[in-house]
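Here is a friendly walk through the empty spaces, the strand pairing and two side chains of one protein. Have the structure open as you read.

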Amino acid sequence: MFILRNSYILLFLFISIKTSANIKNHSRRFHLGLTTASPSYQLSFTPEEVSTEQKVNFRPNILGLGGYRLTLFGFTLTYLEDAIRNEKDDIKFGKTSYEDIRLSTYWGNKEQWYINGYYTRYKGLYIDNSEEIDSNLSSIDPKIYNEDLEVFNAGGAILYTFKPSEYSLAAAYSQTSQQKKSGGSWLIRLSSDSTLIKDSTAIIPTQVRTLYGTDQNLIKTQFVSTTFQGGYGYTVVLSNFFLNLQGLYGVGIQNRKWTNEGEKNQSSNTNISKLSLWAALGYNGDDFFLTIKHLNDETKYETKSINIFSNLSWLQLDLGVRF
């Protein structure tokens with residue numbers, strides 16, 4: 001009985017050690033990496049009136065972003081700015097300036113809590129469907145460009161992993177850990193985001209402005225959203241190579257404020273929904289990592305007479321080493 005009982009104890013300890021060894025923590029090591037990204041961002045305005053279908057699709061003229069990422073004392077800082085310009089594109093689409101700062105960390109004895117914050121800024125956007133807005137334009141003409149239009153995004157989130165011994169968000173998206181074998185987990189996420197859109201004059205172009213109702217002279221709007229999401233993530237691991245897929249969906253409440261030219265601020269609250277899809281593919285070794293990440297984020301906003309749709313499709317390449 002003594003031998004049998006101790007055999008069970010040894011077996012239990014072996015399983016526990018093997019399970020916990022699935023995630024290898026590197027968060028206290030120094031990480032140095034280079035980052036490049038290709039964002040596809042669209043900001044669409046449509047009239048609330050369903051009989052009017054005229055959209056205005058704003059896009060930034062960004063070919064590529066470049067920057068760096070550092071991890072120290074468990075915190076990861078990423079900085080990006082527009083790094084590639086094309087003179088012909090600048091003539092046709094105008095110039096967009098861009099800044100991007102992100103900070104993240106993981107808490108808990110198994111890094112089950114993921115905490116992150118971000119700030120992005122676009123200035124100078126063109127109208128992708130300019131030919132629909134102005135019938136005098138052809139596809140070869142320069143697009144309608146608004147050099148003063150700015151979009152600020154800032155916020156933060158807390159994400160909880162239910163099975164941190166089997167699934168590591170840090171391994172897939174920060175490379176501050178390694179996941180040694182395939183596994184997944186259910187996830188919950190609480191986020192708060194602020195989007196500020198502003199211009200010195202009316203945002204909607206004059207050619208279609210009368211179609212946009214009472215808020216046709218919109219010059220500034222800010223949306224502050226608090227969202228609760230649930231979802232699932234899974235990582236397939238083959239040696240140090242991995243493929244991750246993760247999805248989150250939820251609902252929340254949004255405070256909206258907007259200002260029309262020559263008028264006082266208006267505000268109201270509304271319910272919202274939010275879909276977030278993430279994917280990552282790469283190599284995550286003991287001292288070196290190379291990853292490709294994709295993020296798709298969709299959010300809907302509205303004023304009294306205008307619907308606003310924001311879509312960000314983000315492709316990022318990280319190359320780095322640990323010391």
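The report below deals with a predicted model and takes cavities, pockets, strands and two residues in turn.

## Enclosed space

Rolling a probe the size of a water molecule over the atoms shows where empty space is left. How many cavities of 30 Å³ or more does a search of the whole structure find? There are 3 of them. The largest cavity has a volume of about 940 Å³. It has 41 lining residues, and those closest to the centre of this cavity are Arg102, Asn116, Tyr118, Trp278 and Leu295. Strand 14 supplies the largest share of that lining, with 7 residues. Sorted by class, the lining of the largest cavity has 15 nonpolar, 17 polar and 9 charged residues.

The second largest cavity holds about 90 Å³ of space. Its lining is made of 13 residues, with Gln179, Val237, Asn240, Phe242 and Asn284 nearest the centre. At least two lining residues each come from helix 4 (169–173), strand 9 (177–179), strand 11 (218–238) and strand 12. By class, this second lining divides into 5 nonpolar, 7 polar and 1 charged.

## Open pockets

Now for the pockets. The largest pocket contains about 200 Å³ of space. Among its 14 lining residues, Ile272, Ser273, Lys274, Thr299 and Lys300 are the closest to the centre. Two or more lining residues are given by each of strand 12 (241–260), strand 13 (266–284) and strand 14 (288–302). Strand 13 gives the most, with 6 residues. The lining of the largest pocket is a mix of 5 nonpolar, 5 polar and 4 charged residues.

The second largest pocket has a volume of about 150 Å³. Here too the lining is described by residue: there are 14, and Ile144, Asn146, Ala202, Ile203 and Pro205 lie nearest the centre. The class split for this pocket is 8 nonpolar, 4 polar and 2 charged residues.

## How strands 12, 13 and 14 pair

Strand 12 and strand 13 are antiparallel partners, joined over 18 bridges. If you want a place to start on screen, look for Phe241, which stands opposite Tyr283 in strand 13. The hairpin of these two strands has 5 residues between them, and Gly262 there takes a positive phi near 80°.

Strand 13 also runs antiparallel to strand 14, with 10 bridges between the two. One bridge pair to find is Ser276 and Asp297, the latter in strand 14. Strand 13 and strand 14 form a hairpin as well, with 3 residues between them.

## Two buried polar side chains

Is Asn311, in strand 15 (residues 306–322), buried or exposed? Asn311 counts as buried because its relative accessibility is 16%, under the 20% cut-off. The side chain of Asn311 makes a polar contact with the side chain of Glu298, at 3.5 Å. Beyond its neighbours within four places in sequence, Asn311 is in contact with Ser40, Tyr41, Gln42, Asn296, Asp297 and Glu298. Asp297 is also the bridge partner of Ser276.

Arg121 sits in strand 7 (residues 113–127). Its relative accessibility is 16%, so Arg121 counts as buried. A polar contact of 3.3 Å links the side chain of Arg121 to the side chain of Glu150. Not counting residues up to four places away in sequence, Arg121 touches Ser97, Tyr98, Glu99, Glu150, Val151 and Phe152.

Notes
Residues are numbered from 1 along each chain as its sequence is written. This is a predicted model: local features need pLDDT of at least 70, side-chain atom pairs count only at pLDDT 80 or more; totals for chains, interfaces and linings use all residues. Side-chain values use heavy atoms; hydrogens and water are left out. Buried means under 20% relative accessible area, exposed over 50%, partly exposed in between (1.4 Å probe, protein chains only). A polar contact is a pair of N or O atoms within 3.5 Å; within protein, one must be able to donate a hydrogen and the other to accept it, and residues adjacent in sequence count only if both atoms are side-chain atoms. Contact means heavy atoms within 4.5 Å. Helices (H or I, at least four residues) and strands (E, at least two) are DSSP runs, numbered from the N terminus. On a 1 Å grid over the protein atoms alone, a cavity is a set of points where a 1.4 Å probe fits but cannot get out, and a pocket is an open set with protein on both sides within 12 Å along at least five of seven lines; lining residues have an atom within 4 Å of a point. Grid points are joined across faces, edges and corners, and a volume is the space filled by probe spheres set on the points. Ala, Val, Leu, Ile, Met, Phe, Trp, Tyr, Cys and Pro count as nonpolar, Asp, Glu, Lys and Arg as charged, and the others, Gly among them, as polar. Two strands pair if DSSP finds at least two bridges between them.
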